[in-house]
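Me: Please take one loop of this protein and describe it closely for a first-year student. Where does it lie, what does it touch, and what is unusual about its backbone?

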Amino acid sequence: MTVLGSDVRLRPVLDSDLEDVFALESDVLAADMIAFLPREPGDRTAFDTHWARIRSDPDNRIWVIEADGRFAGYALSFLMNGDRQVGYWIERELWGRGIASSALAAVLRELPGRPIWGSTVWDNLGSQRVLLNAGFVFDHVERTQAPRRKAEVDEHVFRLD
Ligand SMILES: CC(C)(COP(=O)(O)OP(=O)(O)OC[C@H]1O[C@@H](n2cnc3c(N)ncnc32)[C@H](O)[C@@H]1OP(=O)(O)O)[C@@H](O)C(=O)NCCC(=O)NCCS
């Protein structure tokens with residue numbers, strides 16, 4: 001799919017992507033935006049442990065997002081309490097080009113079942129726009145502990161039927 005001049009594609013994650021993923025997840029500003037990230041950005045041991053676990057879980061789907069043939073971030077889908085969830089993270093220098101919206105549309109074409117759930121901290125307006133662009137609707141608010149904020153926050157939960 002071509003978005004704002006970028007050709008956006010999903011592909012499987014390779015071991016050789018992990019350096020790029022680690023650099024992506026080491027962006028403190030972006031991690032704070034997510035709020036729920038339980039690992040300290042830049043903690044390689046925590047990163048390696050987490051990524052080994054999520055890559056080996058057969059319930060998970062994880063893709064590298066490429067824009068114009070270069071690493072632009074990743075998208076994933078996982079089960080939480082039996083509900084299928086989606087998430088995504090784009091390199092900061094590429095924000096605002098429609099890459100996350102395009103990638104999520106591609107992810108949804110890969111996932112057969114519905115409903116699918118997506119959630120964000122209340123103030124992650126960019127991520128909320130990405131979900132709305134993909135057809136998700138606002139469902140409810142949950143009070144959730146956010147490690148990056150060291151506080152309970154309102155989590156806005158969206159649903160796609
Ligand atoms: C949230 C994130 C994925 C958005 O990626 P992106 O590629 O910039 O998103 P898009 O370009 O597809 O933008 C989608 C919409 O959000 C809007 N948007 C993007 N960032 C925004 C922000 N910080 N505040 C308000 N709106 C924003 C865009 O203007 C666009 O609006 P439109 O559809 O009305 O034109 C990106 O900022 C990111 O990776 N953040 C860190 C990780 C993260 O928060 N992941 C989601 C966890 S819930």
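Reply: The account below begins with one residue of the loop, then turns to its surroundings and its backbone.

The model is a predicted one, in which local features need pLDDT of at least 70 and side-chain atom pairs count only at pLDDT 80 or more, while totals for chains, interfaces and linings use all residues. Residues are numbered from 1 along each chain as its sequence is written, and side-chain values use heavy atoms, with hydrogens and water left out.

The loop in question joins helix H2 (28-34) to helix H3 (44-56), and Arg39 is found in it. (Helices are DSSP runs of at least four residues, H or I, and strands are E runs of at least two, numbered from the N terminus.) Is Arg39 buried or exposed? With a relative accessibility of 9%, Arg39 counts as buried, since the limits are under 20% for buried, over 50% for exposed and in between for partly exposed, with a 1.4 Å probe and protein chains only.

Which polar partners does the side chain of Arg39 have? One is Glu25, whose side chain makes a polar contact of 2.9 Å with that of Arg39. The side chain of His50 also forms a polar contact with the side chain of Arg39, at 3.3 Å. (A polar contact pairs N or O atoms within 3.5 Å, one able to donate a hydrogen and the other to accept it; sequence neighbours count only if both atoms are side-chain atoms.) When neighbours within four places in sequence are set aside, the residues in contact with Arg39 (heavy atoms within 4.5 Å) are Glu25, Ala46, Phe47, His50, Trp51 and Arg148. Glu25 and His50 thus appear again among the contacts of Arg39.

The surroundings of Arg39 also include an enclosed space. Arg39 is one of the residues that line the largest cavity, a set of 1 Å grid points where a 1.4 Å probe fits but cannot get out, with lining residues having an atom within 4 Å of a point. The count gives one cavity of 30 Å³ or more, and the largest cavity holds about 50 Å³ of space, taken as the space filled by probe spheres set on the joined points. Its lining is made up of Phe22, Glu25, Ser26, Leu37, Arg39, Glu40, Pro41, Gly42, Asp43 and Phe47. Glu25 and Phe47 therefore have two roles in this picture: both line the cavity, and both are in contact with Arg39. By class, the lining comprises four nonpolar, two polar and four charged residues.

The backbone of the loop deserves attention as well. Ala35 also belongs to the loop between H2 and H3. The phi of Ala35 is near 75 degrees, a positive value although Ala35 is not glycine. In general, most residues other than glycine have a negative phi, and most peptide bonds are trans. Ala35 has a relative accessible area of 0%, and therefore it is buried.

Elsewhere, Asp68 provides a useful parallel. Asp68, likewise not a glycine, has a positive phi of about 50 degrees, and its place is in the loop between strand E3 (61-67) and strand E4 (70-80). Asp68 has 49% relative accessibility, so it counts as partly exposed, whereas Ala35 is buried.

Finally, a further backbone feature concerns the peptide bond from Arg114 to Pro115, which is cis, with omega near 5 degrees. Pro115 lies in the loop between H4 and strand E6 (116-121).

Methods: On a 1 Å grid over the protein atoms alone, a cavity is a set of points where a 1.4 Å probe fits but cannot get out, and a pocket is an open set with protein on both sides within 12 Å along at least five of seven lines; lining residues have an atom within 4 Å of a point. Ala, Val, Leu, Ile, Met, Phe, Trp, Tyr, Cys and Pro count as nonpolar, Asp, Glu, Lys and Arg as charged, and the others, Gly among them, as polar.
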